[in-house]
Amino acid sequence: MENGAAKPVIVAIDGPSGTGKSSTSRAVAAQLGLSYLDTGAQYRAITWWMVTNGIDIEDPSAIAAVAGKPEIVSGTDPSGPTITVDGVDVAAPIRTQEVTSQVSAVSAVPEVRARITELQRSIATSAEHGIVVEGRDIGTTVLPDADLKIFLTASPEARAARRSGELKGADVHSTREALLKRDAADSSRKTSPLAKADDAVEVDTTELTLQQVIECVVTLVEEKRAAQ
Ligand SMILES: Nc1ncnc2c1ncn2[C@@H]1O[C@H](COP(=O)(O)OP(=O)(O)O)[C@@H](O)[C@H]1O
Ligand SMILES: Nc1ccn([C@@H]2O[C@H](COP(=O)(O)OP(=O)(O)O)[C@@H](O)[C@H]2O)c(=O)n1
């Protein structure tokens with residue numbers, strides 16, 4: 001747009017675990033003055049609530065029955081994203097092994113996805129300057145009309161090495177197995193599985209530095225904006 005504020009731009013970044021979605025999305029949003037939404041944190045938050053309230057994670061109908069109860073609020077400033085459940089800051093507890101190992105089961109429940117998807121759409125449409133939203137089904141289901149869709153990939157070895165680097169003391173082999181198990185569950189669920197949208201740009205980050213991935217995505221966003 002000439003002589004005015006740029007039209008809000010919506011960027012969807014999807015891909016499996018450890019491909020660099022969070023780090024890339026945050027940096028791109030910060031660099032371009034956009035909001036940032038980590039949708040995985042929302043699924044982790046609802047999982048944390050289920051675990052904390054003693055809901056049987058093996059029972060999808062028990063999860064479905066209470067999916068509407070917790071109030072999840074996401075702060076979308078890329079320099080300090082936040083997440084609360086019923087007013088409690090859960091940024092740390094949602095990263096525990098306990099939550100990580102249960103999140104795929106909770107996020108496969110259609111009532112959970114419907115609730116969280118609605119929340120994601122309302123956050124995305126109210127972002128004044130635009131937003132980078134990262135997850136598994138953003139380009140396919142949550143925001144199919146996003147201005148730009150990116151699908152990040154990397155070899156399982158690279159992803160496991162990155163993740164075990166973060167989790168001090170975790171060995172690469174067991175991290176790789178856990179990560180592949182979660183990918184398989186996320187890719188095979190019936191409702192809105194992890195998938196590349198037909199019109200997404202695929203970026204294999206195996207041999208790229210984080211900085212190179214960020215630059216690549218920033219360039220793609222700028223090209224889109226220039227063409228609008
Ligand atoms: N291209 C890259 N090269 C090396 N390390 C990376 C790269 N991209 C991300 N990382 C690191 O890998 C880890 C996982 O990245 P993250 O952004 O959390 O991935 P995701 O959100 O896809 O699970 C982080 O420690 C991050 O700094
Ligand atoms: N859009 C999304 C985002 C995450 N998720 C679920 O939430 C889990 C945690 O996502 P995450 O982005 O925090 O995962 P990692 O950063 O550990 O890869 C995934 O394994 C999925 O089960 C989802 O189903 N849909």
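This is a short chat about two ligand sites in a predicted model.

Biologist: Where should I start with ligand 1, and which residues are closest?

Modeller: Start with the shell, meaning the residues around the ligand. Ligand 1 has 16 of them, and Gly20, Lys21, Ser22, Ser23 and Arg162 are the closest. Helices α1 (21-32), α7 (156-166) and α9 (210-227) each give at least two residues to that shell.

Biologist: What kinds of residues make up the shell around ligand 1?

Modeller: Sort them by class: three are nonpolar, 10 polar and three charged.

Biologist: Which residues does UniProt list under "binding site"?

Modeller: An unreviewed UniProt entry lists Gly15, Pro16, Ser17, Gly18, Thr19, Gly20, Lys21, Ser22 and Ser23.

Biologist: Take Gly18 from that list. Is Gly18 buried or exposed?

Modeller: For burial, count the C-beta atoms around a residue; 20 or more within 10 Å makes it buried. Gly18 has 25 others within 10 Å, so it is buried. Gly18 sits in the loop between β1 (9-14) and α1. Beyond its neighbours within four places in sequence, Gly18 is in contact with Ala154, Arg159, Ala160, Arg162, Arg163 and Leu179.

Biologist: And how many C-beta atoms lie within 10 Å of Ser23?

Modeller: Ser23, in helix α1, has 14 others within 10 Å, so it counts as partly exposed.

Biologist: Now ligand 2: which residues come nearest?

Modeller: Use the shell again. Of 16 residues around ligand 2, the nearest are Ser17, Gly40, Tyr43, Ser107 and Gly135. Two or more residues come from each of α2 (39-52), α4 (97-107) and α8 (172-188), with α2 giving the largest share, five. By class, the shell around ligand 2 has four nonpolar, seven polar and five charged residues.

Key
Residues numbered from 1 in each chain as written. Chains lettered and ligands numbered in written order. Predicted model: local features only at pLDDT ≥ 70, side-chain atom pairs only at ≥ 80, totals over all residues. Near = placed C-beta within 6 Å. Helix = DSSP H or I, 4+ residues; strand = E, 2+ residues; numbered from the N terminus. Nonpolar A, V, L, I, M, F, W, Y, C, P; charged D, E, K, R; others polar. UniProt positions renumbered as here; feature names shortened; annotations may be inferred. Buried ≥ 20, exposed ≤ 12 C-beta atoms within 10 Å, placed from the backbone. Contact = placed C-beta atoms within 7 Å.
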